[in-house]
Amino acid sequence: MTAFAGNSLLCRLALKQTSIDAASFTFTRIISGAIALWLIVEFRRRLMVDRTASPLVERSPNLLATPKPREGGSPVARQSLPQAGSWPSALALFAYAAAFSFAYISLSAGTGALLLFGAVQATMIIWGLRQGEQLRARQWIGLAFALGGLVALVFPGLSAPPLSGSILMLGAGIAWGIYSLRGRASGDPISETAGNFLRAVPLAAVLSVAFLPWTSLDRAGIGFAILSGAIASGVGYAIWYTALPGLRAASAATVQLSVPVLAAAGGILFLAESITLRLLFASVAVLGGIALVVIEKRRAFAPVK
């Protein structure tokens, strides 16, 4: 969760305190994430080969553990990285990353994380309802509180966050919700995510070319983008997907409630951001409402970046 909150802090830090532009940050983040995930998948594949050759080696679960093979062999062995993932998922990933970066030009870290988290969870809950999932009365109340908190946060007023940034971040949350829904049935989520990052690289490159007249780079900004892509995204996703099988469904969903809180705390400590009463009340409504919805659910929702 610290890595996911770190994405918000690193993006806001780069766009606020360095001269890097949002399109370049997006491209650098995605290509760094693709490289980091490729290295993890490749090392895991080689580890699998070594263990096959040396069956007496203890196979304790860890970050680089390979998924259990299905019929026909291991998914890592049967499917190469360029074949993993899909273009629709890569498009959703790219839409999330691009909207995320441009939103943080104007949003604070805490506000952006809350909007993102609320939109992701609302997208997945609403999709579940469309698929026939049933909510109890308390869960309906929670959903109403969560959606009401998002509306209250972006409602025009003196302390309201910029509307354009808010819309972009809500769009990023919807895109990530779609990406998460598409990946829920994946048998090897780390390889799938690596493949999707790889496919998203040319999409991010097109975005950078489109914004070439406004391109601005510096070493610090590029460094923050690499940390966001390789560590907070690549390694963070690998850790999450490794830990996820050992978590209860309700626990996996509930633990994500900490992401906006961590991002807001980091914004105060590292970016000198302030917490407004509007953000405070909206946070209570959104996080408390979603907690009411997920605490009794038996399905795990995907992670917030």
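**Helix packing in an all-α chain**

Helix α5 (residues 109-130) and helix α12 (residues 277-294) bring their axes within 11 Å of each other, crossing at roughly 30°. With under 35 degrees as the cut-off, α5 and α12 therefore count as roughly parallel. The crossing in which α5 passes α12 is left-handed. On the α5 side, the contact draws on Thr 111, Leu 114, Phe 117, Gly 118, Gln 121 and Ile 125, and α12 answers with Leu 279, Ala 282, Ser 283, Val 286, Leu 287, Ile 290 and Val 293. Sorted by class, that comes to nine nonpolar and four polar residues, with no charged ones in the contact of α5 with α12. As with everything that follows, this comes from a predicted model.

Stepping back to the whole chain, there are 12 helices and zero strands, so the pattern along the sequence is simply α-α-α-α-α-α-α-α-α-α-α-α. Of the 305 residues, 51% count as buried. Contacts reach a long way along the sequence: among those between residues at least 6 apart, 88% join residues at least 24 apart.

A second helix pair is α8 and helix α9 (residues 219-243), which pack at an angle of about 155° with their axes 9 Å apart. That angle is over 145 degrees, which makes α8 roughly antiparallel to α9. This crossing is right-handed. Pro 189, Ile 190, Thr 193 and Phe 197 of α8 make the contact with Ser 233, Tyr 237, Ala 238, Tyr 241 and Thr 242 of α9. Here the split is six nonpolar, three polar and, once again, no charged residues.

One of the α8 residues in that contact, Thr 193, can be looked at individually. Thr 193 sits in helix α8, which spans residues 189-210. Its relative accessibility is 3%, and with the cut-off for buried at under 20%, Thr 193 therefore counts as buried. Beyond its neighbours within four places in sequence, Thr 193 is in contact with Leu 37, Tyr 179, Tyr 237 and Tyr 241. Two of these partners, Tyr 237 and Tyr 241, belong to the α9 side of the contact.

The third pair is helix α1 (residues 2-17) with α11, whose axes come within 8 Å and cross at roughly 35°. In this case α1 passes α11 in a right-handed crossing. From α1, the residues involved are Thr 2, Phe 4, Ala 5, Ser 8, Leu 9, Arg 12, Leu 13, Lys 16 and Gln 17, and they meet Val 259, Leu 262, Ala 263, Gly 266, Gly 267, Phe 270 and Leu 271 in α11. The contact of α1 with α11 divides into nine nonpolar, five polar and two charged residues.

As for the interior, the largest nonpolar core holds 63 residues, and those with the most contacts inside it are Ile 30, Tyr 96, Phe 100, Tyr 104 and Met 169. Helix α4 (residues 87-103) supplies the largest share of this core, at nine residues. Met 169 touches Phe 100, Ala 103, Tyr 104, Leu 107, Gly 112, Leu 115 and Leu 116, leaving out residues up to four places away in sequence.

Finally, a backbone oddity. Most residues other than glycine have a negative phi. Ala 272, however, has a positive phi, near 55°. Ala 272 is placed in the loop between α11 (258-271) and α12. Its relative accessibility of 70% is over the 50% cut-off, so Ala 272 counts as exposed.

Definitions and conventions
Residues numbered from 1 in each chain as written. Predicted model: local features only at pLDDT ≥ 70, side-chain atom pairs only at ≥ 80, totals over all residues. Heavy atoms only, no water. Helix = DSSP H or I, 4+ residues; strand = E, 2+ residues; numbered from the N terminus. Buried < 20%, exposed > 50% of the residue type's maximum accessible area, 1.4 Å probe, protein only. Contact = heavy atoms within 4.5 Å. Core = buried A, V, L, I, M, F, W, Y, C linked by side-chain atoms within 4.5 Å. Axes fitted to C-alpha atoms, helices over the stretch in contact; angles between N-to-C directions. Parallel < 35°, antiparallel > 145°, perpendicular 65-115°, else oblique. Left-handed = near helix turned anticlockwise from the far one by under 90°. Nonpolar A, V, L, I, M, F, W, Y, C, P; charged D, E, K, R; others polar.
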